[in-house]
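I opened my notebook to look up a few things in this structure. Here is what I wrote down as I went along.

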There are 2 protein chains.
Amino acid sequence: MMALVKLADLCAKTGEAHGTTRGLAKLMGVSQQTASRYLIELEGLGLISRSRAPEGERIGITEEGSKELAALYASLRDFLERPKAELVLEGRLFTGLGEGAYYISQGGYRRQFVERLGFDPYPGTMNLRLDGRGRARRMLLDRIDPIMIEGFSDGSRGFGPVKCYRAIVEDRIEGAVLVAMRSHYGDDVIEVIAPIGLREALGLRDGQTVRIRVPPASNPPRPSA
Amino acid sequence: MMALVKLADLCAKTGEAHGTTRGLAKLMGVSQQTASRYLIELEGLGLISRSRAPEGERIGITEEGSKELAALYASLRDFLERPKAELVLEGRLFTGLGEGAYYISQGGYRRQFVERLGFDPYPGTMNLRLDGRGRARRMLLDRIDPIMIEGFSDGSRGFGPVKCYRAIVEDRIEGAVLVAMRSHYGDDVIEVIAPIGLREALGLRDGQTVRIRVPPASNPPRPSA
DNA sequence: ATTACTAGGAATCGAGTAG
DNA sequence: TCTACTCGATTCCTAGTAA
């Protein structure tokens, strides 16, 4: 694989590489014998084509070889071009009507919080009213992979799905921003949950400005394997 | 290296991978022992960071690791996104004043043609006047790597540098398109040379339309190593 | 000069297993 | 369970060299 990549490097300019096994070996950082073996193996796999030339050899990468490289390229792109910058939201703390506590205490939500966020939320949400800049930035949340909390019904009524984004409150406490798919608040409000009571832990009062950092990778700390 | 790529795959979605060495091993197609060794080695190289978690382990790719991957990504891009399509130019044959023959017969040019194009040009150029579509396409020549023929002086006068592009004339004869950096012709004319006389070989007469294919890779068949 | 074979040493892998 | 060690098996690399 890496040998194929090195050859692709040498083919990048013209579509084919020219040279002796010794020269290629030097460029690839291996011995002449190894370069020769690489060429034999890659040709056997149908990933490159070779044609003898008096001055050395012409090596081209076949369609199949390009496919191999393209697959590698694609997987690197997925990693490298994923959103990188974290999102910082600032808003003023205000007291709601306590519906937040009602909702997140529902077993159907709570079980999913524990499973997908990794913590059992303190029974209450912190409501923040975003300033103008914050409202603009909130749009950027869409570019981050949400942790989905599914809707459910408890028999008497239904509860809608909720998107969560891992968040760090005031640089100290790890929690999550909730975005209800059909919120009772407007676009200028975000709700934040955490394993502990944020107001008490941080000594916050209504009207204070609170800073939330949403890292670009917001998925849960559980095994992907 | 490939181990780092595999890990990057697993980190693509969230920025970090979670799991046990056994699980990671399975995803990477190696044994648990090898996965463990990979992690130790990559961490030693500073390419990844690890943090133990009760459910397994959290693995992130460091800035330095990302740089490694970005370098690999860039070299793949150079190969995969190099221009692929060939350029087809069509124009009507006309007879010039014979200056073409004078220029390419100069030893200073001729030696370079032999060395860089791999043939000794027939002493004469074929002049083609491009149609409207051809003029538009000619611009695309700039996207192809030229074979540079350097300017020189023979004592009495100077000769400017010339760009060459390998070309196939009427699908039959391999030659080259010349683009003089300071041409005596306008932008609607191209000059073509080949090892043999094109008019005679192809039975062409003034006014006929001639088709030239310029492949995307136009460098010479000599050792790059 | 090449390319590529052989042979032996070096690096790598994974089964077993300790902590 | 987990991670990571030892160690024999295997793979891989290169020096020497044939063609």
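**Entry 1: salt bridges**

I started with the salt bridges and counted 22 over all chains. I kept in mind that this is a predicted model. Side chains of opposite charge can pair when their charged atoms come close.

I looked up A:Glu16 and found its salt-bridge partner to be A:Arg58, with 2.8 Å between the closest N and O atoms. The two residues sit in distant parts of the chain: A:Glu16 belongs to strand β1 (residues 16-18) of chain A, A:Arg58 to strand β3 (residues 56-61) of chain A, and 42 residues separate them. Buried or exposed, I asked of A:Glu16? A:Glu16 is partly exposed, at 23% relative accessible area. A:Arg58 is partly exposed too, at 29%.

Next I turned to chain B, where B:Glu16 and B:Arg58 meet in a salt bridge, 2.8 Å from N to O. B:Glu16 is in strand β1 (residues 16-18) of chain B and B:Arg58 in strand β3 (residues 56-61) of chain B, so this pair ties together parts 42 residues apart in sequence. For accessibility I noted 22% for B:Glu16, which makes B:Glu16 partly exposed. B:Arg58 is also partly exposed, at 29%.

**Entry 2: Asp171 in both chains**

Which residue forms a salt bridge with B:Asp171? I found B:Arg213, with the closest N and O atoms 2.6 Å apart. B:Asp171 lies in the loop between β9 (162-169) and β10 (173-180) of chain B, and B:Arg213 in strand β12 (residues 209-214) of chain B, so the salt bridge joins parts 42 residues apart in sequence. B:Asp171 counts as partly exposed, at 44% relative accessibility.

In chain A, I found A:Asp171 in a network of salt bridges that also links A:Glu86, A:Arg211 and A:Arg213.

**Entry 3: a look at B:Leu93**

I then picked B:Leu93, which is in strand β4 (residues 87-94) of chain B. B:Leu93 has 2% relative accessibility and therefore counts as buried, the cut-off being under 20%.

What does B:Leu93 contact beyond its neighbours within four places in sequence? My list includes B:Met126, B:Asn127 and B:Leu128, and also B:Arg199, B:Leu204 and B:Val210. B:Asp206 is another of these contacts. Between B:Leu93 and B:Asp206 I noted 113 residues in sequence, but 4.9 Å in space from C-alpha to C-alpha.

**Entry 4: around DNA strand C**

Last, I went to the DNA. Which of the 16 residues around DNA strand C come nearest? They are A:Thr21, A:Gln32, B:Gln33, B:Thr34 and B:Arg37. Of the atoms of DNA strand C that come within 4 Å of the protein, 55% belong to sugar and phosphate.

I checked where this surface comes from. At least two residues each are supplied by α2 (21-28), α3 (32-44) and β2 (48-53) of chain A, and by α3 (32-44) of chain B. By type, I sorted the residues into 3 nonpolar, 8 polar and 5 charged.

Then I looked at single contacts. A:Gln32 has a polar side-chain atom 2.8 Å from a base nitrogen of DNA strand C. With A:Arg50, a polar side-chain atom is 3.1 Å from a phosphate oxygen of DNA strand C. B:Arg37 has a side-chain N or O atom 2.6 Å from a phosphate oxygen of DNA strand C.

Methods: Residues are numbered from 1 along each chain as its sequence is written. Chains are lettered from A and ligands numbered from 1 in the order in which they are written. This is a predicted model: local features need pLDDT of at least 70, side-chain atom pairs count only at pLDDT 80 or more; totals for chains, interfaces and linings use all residues. Side-chain values use heavy atoms; hydrogens and water are left out. A salt bridge is a side-chain nitrogen of Lys or Arg within 4 Å of a carboxyl oxygen of Asp or Glu. Helices (H or I, at least four residues) and strands (E, at least two) are DSSP runs, numbered from the N terminus. Buried means under 20% relative accessible area, exposed over 50%, partly exposed in between (1.4 Å probe, protein chains only). Contact means heavy atoms within 4.5 Å. A residue is near a molecule or strand if one of its heavy atoms lies within 4 Å of it. A polar contact is a pair of N or O atoms within 3.5 Å; within protein, one must be able to donate a hydrogen and the other to accept it, and residues adjacent in sequence count only if both atoms are side-chain atoms. Ala, Val, Leu, Ile, Met, Phe, Trp, Tyr, Cys and Pro count as nonpolar, Asp, Glu, Lys and Arg as charged, and the others, Gly among them, as polar.
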